[in-house]
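Here are my notes on the model, point by point. Please read them with the coordinates open.

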Amino acid sequence: MTDLRARRRRSFLFVPGLRPDRFAKALETGADVVCIDLEDAVAPDRKDESRSLSLPLYHEHRAARPEKAVRINSVRTPEGLDDLTAILRLETPPQAIVLPKVRTADEVRIVADLLRHRPEPIGIYVIIETAEGLENVAAIAQADPLVVALFIGAVDLSAELRVKPSWDPLFYARSRIVHAAARAEVAVLDVPYLTIDDEEGLRREATRSAELGFTGKALIHPTHIPVIHAAFAPSEKEIDYARRVIAAYRESTTGLAVVDGKLIEKPVIREAERILANAIDA
């Protein structure tokens, strides 16, 4: 697992690209990741304006603790290429780029190769929201070490799959994306819960996502952060076991460890590391 992938990514807060005033406030909400959205949150005729308003903010707030990301437009469009070119020229770029509507692994590799022209590592989040992307999700997840997480883009994906954008019709798509992320050892994030004042509904959906294997959830309102963090936090029992697994592995001189009478192998160690990374007070 690279350092880029080791970050905690339970909550992913979107900020509209045309509202730079909200960025500083979003960085103080406690969200694990704060992302300026240059794509869906911006009308087609205001893309240049959004880019000019938003991209300098990464330098202004370079010392802020949360991971700072930007969702660009699809790199298959002129707007997306303009976004990417502008980011590569920034004095201080975001720590991660979110790629929407990804269809193939080659698309990710091209962006990753360009990002490596920067001296600092920049992670890549990939949104799976096309039928072709869902078909290729396993290869996409493993396209490059800079990939740190997958998203499901429920609205666009449901339209392509000709199903409703609700949980049950998208269960197969969610499961396939979770599978690909787990195999590639990257995070995987569920879509935002769009009803602002329905805490119980949010809790049910976030809990269901965590049970299915998602490691975090996107959101559009900071009041959702505490519920999301609680849903994706490991239990005290899980934290205790993870600590004992890591301790036993580190103390071993043979590369093998036994905890509670069970041989501990590498997948268990990786899961223990993930649990401790997501533990609030671990």
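1. Start with glutamate 120. This is a predicted model, and in it glutamate 120 is partly exposed, because its relative accessible area is 26% and the buried class ends at 20%. Its salt-bridge partner is arginine 118, with the closest N and O atoms 2.9 Å apart. Arginine 118 is buried, at a relative accessible area of 13%. The bridge thus pairs a partly exposed acid with a buried base.

2. How many salt bridges does the structure hold? The count is 24. Another of them joins the side chains of arginine 19 and aspartate 21, at 2.8 Å from N to O. Here arginine 19 is partly exposed, with 35% relative accessibility. Aspartate 21 is also partly exposed, at 40%.

3. Now take a buried pair. Arginine 174 and aspartate 190 meet through their side chains in a salt bridge of 3.1 Å, N to O. The pair ties together distant parts of the chain: arginine 174 sits in helix α9 (residues 171–184), aspartate 190 in strand β7, and 16 residues separate them. Are these two residues buried or exposed? Arginine 174 is buried, with a relative accessible area of 3%. Aspartate 190 is buried too, at 0%. Both values are under the 20% cut-off, so both residues fall in the buried class.

4. Some charged residues form a network. Salt bridges link Asp37, Glu39, Asp40, Arg71, Lys101 and Asp156. I suggest viewing this group as a unit.

5. Next, the nonpolar interior. The largest nonpolar core has 76 residues. Which members touch the most other members? They are Phe12, Ile97, Ile124, Tyr125, Val126, Leu150 and Phe151. A second core is separate from this one and has 12 residues, among them Ile246, Ala257, Val259 and Ile264.

6. Isoleucine 97 deserves a look within the 76-residue core. Residues up to four places away in sequence are left out here. Its contacts are then Val70, Ile72, Leu84, Ile87, Leu115, Ile122, Gly123, Ile124 and Tyr125. Two of these partners, Ile124 and Tyr125, are also on the list of residues that touch the most other core members.

7. Aromatic pairs come next. The count is 6. In one of them, phenylalanine 12 and tyrosine 125 have ring centres 5.1 Å apart and planes at 65 degrees, so the pair is edge-to-face. It links distant parts of the chain, with phenylalanine 12 in strand β1 (residues 11–16), tyrosine 125 in strand β5 (residues 123–128), and their positions 113 residues apart. Phenylalanine 12 is buried, at 0% relative accessible area. Tyrosine 125 is buried as well, with 0% relative accessibility.

8. Tyrosine 125 has another ring partner. The ring centres of tyrosine 125 and phenylalanine 151 lie 6.0 Å apart, and their planes meet at 40 degrees, so this pair is tilted. Why tilted? The angle of 40 degrees is neither under 30 nor over 60, so the pair is classed as neither stacked nor edge-to-face. This pair also links distant parts of the chain: tyrosine 125 is in strand β5, phenylalanine 151 in strand β6 (residues 147–152), 26 residues apart. Phenylalanine 151 is buried, with a relative accessible area of 3%.

9. Which residues form the aromatic cluster? Phe12, Phe14, Tyr125 and Phe151 make it up. Phe12, Tyr125 and Phe151 are also named among the core residues that touch the most other members.

10. Strand β6 also holds alanine 149. Alanine 149 is buried, at 0% relative accessible area. Setting aside neighbours within four places in sequence, its contacts are Ile124, Tyr125, Val126, Val186, Ala187 and Leu189. One distance for reference: alanine 149 and threonine 223 are 23 Å apart, C-alpha to C-alpha, and 74 residues apart in sequence.

11. Last, the surface. Leu194, Ile196 and Ile220 make a nonpolar surface patch of about 270 Å². Where is isoleucine 196? It lies in the loop between β7 (187–190) and α10 (199–212). Isoleucine 196 counts as partly exposed, because its relative accessibility is 37%.

Note on methods
Residues numbered from 1 in each chain as written. Predicted model: local features only at pLDDT ≥ 70, side-chain atom pairs only at ≥ 80, totals over all residues. Heavy atoms only, no water. Patch = residues over 30% accessible without salt bridge, like charges linked within 9 Å, V, L, I, M, F, W, Y side chains within 5 Å. Areas by Shrake-Rupley, 256 points an atom, 1.4 Å probe, with all protein chains shown as cover. Salt bridge = Lys/Arg side-chain N within 4 Å of Asp/Glu carboxyl O. Helix = DSSP H or I, 4+ residues; strand = E, 2+ residues; numbered from the N terminus. Buried < 20%, exposed > 50% of the residue type's maximum accessible area, 1.4 Å probe, protein only. Core = buried A, V, L, I, M, F, W, Y, C linked by side-chain atoms within 4.5 Å. Contact = heavy atoms within 4.5 Å. Phe/Tyr/Trp six-rings, centres within 6.5 Å; stacked < 30°, edge-to-face > 60°.
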